[in-house]
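User: I'm new to this one and would like a quick tour. Can you pull it up and start with any loop you like?

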Amino acid sequence: MATTLTLHPDRALPADPTVRDLARTIYAQTASLPLVGMHGHVEAQALADDAPFGDPASLLVTPDHYVTRMLYSQGVAPHRLGVGGPPAAPRDIWRTFCEHWHLFRGTPSRYWLEHELVEVFGVTTVPSARTADTLYDQISAVLDDPAFRPRALLDRFNIELIATTDPATSPLEHHTKLAADGFGERVVPTFRPDAVTHPARSSWAADVAELGRVSGVDTGDYPGYLEALRRRRAAFVEAGALATDHGHLSADTTPLSADEAARIYRDALKGPTAGADAFSGHMLHVMAGMSAQDGLVMQLHPGVLRDHHSASAAAYGPDRGWDIPVGTEFTRSLRPLLEDFGMHPGLRLILFTVDETSYSRELAPLAGVYPSVRLGAPWWFLDSPHAMRRFREAATETAGFYNTSGFVDDTRAYASIPARHDLSRRVDAGYLATLVAEHRLSQEEAAQTAVDLAYHLPKLAYARRPA
């Protein structure tokens, strides 16, 4: 078994020699382009504080739910990975990860991790039980270097712009610090109102009260609640935000009458109410109207049943790997929103899905006709080589390339950001090379399209709309 860790220059490019040669040429046009990360989950505080990363486990294992969920599936207890308690020592977490390296064969996590280990940390040894301690010490030495602080990595990773994701109630103090330190145009917030738009959540009433406190508006009634949301959106715009982000189980956008919305809101403040799901769908419609006015790009990613194992969610909290996709309907669900705002010049709606059966049936046709709609990158369980390729094959013939919004890394694992963008660029190069080989595009057109997908389209798609 190989013990040396290397990166093949043709990784993730097509196997056919003719197409591969074309893909190499196309990929070379994008390999060194700056990274534009318009949707992600790196904490703003990490960049504001610019403190050293703690250890290899807390950087590469514990925060990456792709990594932890694979290990859970093989019976590794969460606390052995730093999730929940009793807490494991970082070196022990790392040993557990290295002992199970073989589990990641064939997964995108393997691609990203190999890229990180070789390109970022200079590792040339395959992780294993035998090599775990040596690798831990080697990576720790890199983490101790001031050149590996979070802000320095913006330059090392060639990140031109990175968007964090922040709750509606965030006072944005970390972004204030970043702006004061000259990073305000490079690190921007994203408005995430989920905690206050889903009355079915147990913490909803407390979160709404906090919304009122932060905004300075009484949220005791529905009109006050809407005004508080408008003020928080304005604060995010002032802080440089370009987008909002909405996670819903369904894509339903059916509006309620003002009286019905006010009634459900009032009832929800008192406790669980049967109208909670209808209110959540209504709020997507409301948020689209607000985006049409303030120009914040609206990102929607429905179709994930969060915290599928409730006991694990209670023990370890959200975003720990127990979120599972469900089939998602878009055409009828989005119609109320698009009837009212789909042609509005102020709205840009970027649609993500983990249900790839909807690409050619619903999403590509919607993006192929509504000027407000763009297709988001393959997301979450679909940001893998084959699924990225399927996305291009399913969506391009109806929506084209220019009704898509470019790649987003959607990750908390900071060190994996370059690897994820690199994989997307390689997959797109391979798909474009196929079109050249089939004489459907010229090589010049393919190269320009690759550059647009990697760099120009994200900036265009996430530019704030005219007010």
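Analyst: Sure, let's start with Asp 50, which sits in the loop between helix H2 (44-49) and helix H3 (56-60). Helices here are DSSP runs of H or I with at least four residues, strands are runs of E with at least two, and both are numbered from the N terminus. This is a predicted model, where local features need pLDDT of at least 70 and side-chain atom pairs count only at pLDDT 80 or more, while totals for chains, interfaces and linings use all residues. Residues are numbered from 1 along each chain as its sequence is written, and side-chain values use heavy atoms, with hydrogens and water left out.

User: Okay, what is phi like at Asp 50?

Analyst: Phi of Asp 50 is positive, near 55°, and this residue is not a glycine.

User: Is Asp 50 buried or exposed?

Analyst: Asp 50 counts as buried because its relative accessible area is 18%. Buried means under 20% relative accessible area, exposed means over 50%, and partly exposed is in between (1.4 Å probe, protein chains only).

User: Where is Trp 380, and what is its phi?

Analyst: Trp 380 is in the loop between E11 and H18. Its phi is about 65°, again positive in a residue that is not a glycine. Trp 380 is buried too, with a relative accessible area of 7%.

User: One more loop, please. Where does Ser 170 sit, and what does it touch?

Analyst: Ser 170 is in the loop between strand E3 (166-167) and helix H9 (173-180). Leaving out residues up to four places away in sequence, Ser 170 touches Val 214, Arg 232 and Phe 236. A contact means heavy atoms within 4.5 Å. Ser 170 is buried as well, at 14% relative accessibility.

User: Let's zoom out. How many helices and strands does the chain have?

Analyst: The chain has 20 helices and eleven strands.

User: What about its overall size and spread?

Analyst: The C-alpha trace spans about 65 × 60 × 45 Å along its principal axes. A compact globule of 467 residues would have a radius of gyration near 23 Å, and the chain has 22 Å, so the two agree. That radius is taken over C-alpha atoms, and the globule rule is 2.2 Å times the number of residues to the power 0.38.

User: How much of the chain is buried?

Analyst: Of the 467 residues, 57% count as buried. As for contacts between residues at least 6 apart in sequence, 76% join residues at least 24 apart.

User: And what does the chain expose?

Analyst: About 19,000 Å², with carbon and sulfur atoms supplying 52% of it. Those areas come from the Shrake-Rupley method with a 1.4 Å probe, and for residues only the protein chains shown count as cover.

User: Switching to rings: how many aromatic pairs are there?

Analyst: The count comes to 22 aromatic pairs. Rings of Phe, Tyr and Trp (its six-membered ring) pair if their centres lie within 6.5 Å; planes under 30 degrees apart are stacked, over 60 edge-to-face, and the rest tilted. One of the pairs is Tyr 225 with Tyr 265, which is tilted, at 4.7 Å centre to centre and 40° between the planes. This pair links distant parts of the chain, with Tyr 225 in helix H12 (residues 222-238) and Tyr 265 in helix H13 (residues 258-270), 40 residues apart.

User: Are those two buried or exposed?

Analyst: Tyr 225 is buried, with a relative accessible area of 0%, and Tyr 265 is buried at 1%. Another pair is Tyr 359 with Phe 391, which is edge-to-face: 5.0 Å centre to centre and 70° between the planes. Here Tyr 359 is in helix H17 (residues 358-367) and Phe 391 in helix H18 (residues 385-399), 32 residues apart.

User: Which rings form a cluster?

Analyst: Ring pairs link Phe 53, Phe 121, Phe 148, Phe 157 and Tyr 414 into one.

User: Back to H17. Why is it described as largely enclosed?

Analyst: Because seven of its ten residues are buried, H17 is largely enclosed by the rest of the structure. Its buried residues include Tyr 359, Glu 362 and Leu 363. They pack against helix H16 (331-341), strand E10 (349-351), strand E11 (373-375) and H18.

User: Last one: where is Leu 432?

Analyst: Leu 432 is in helix H19 (residues 417-437), and it is buried with a relative accessible area of 0%. Beyond its neighbours within four places in sequence, its contacts include Ile 26, Phe 401 and Leu 453.
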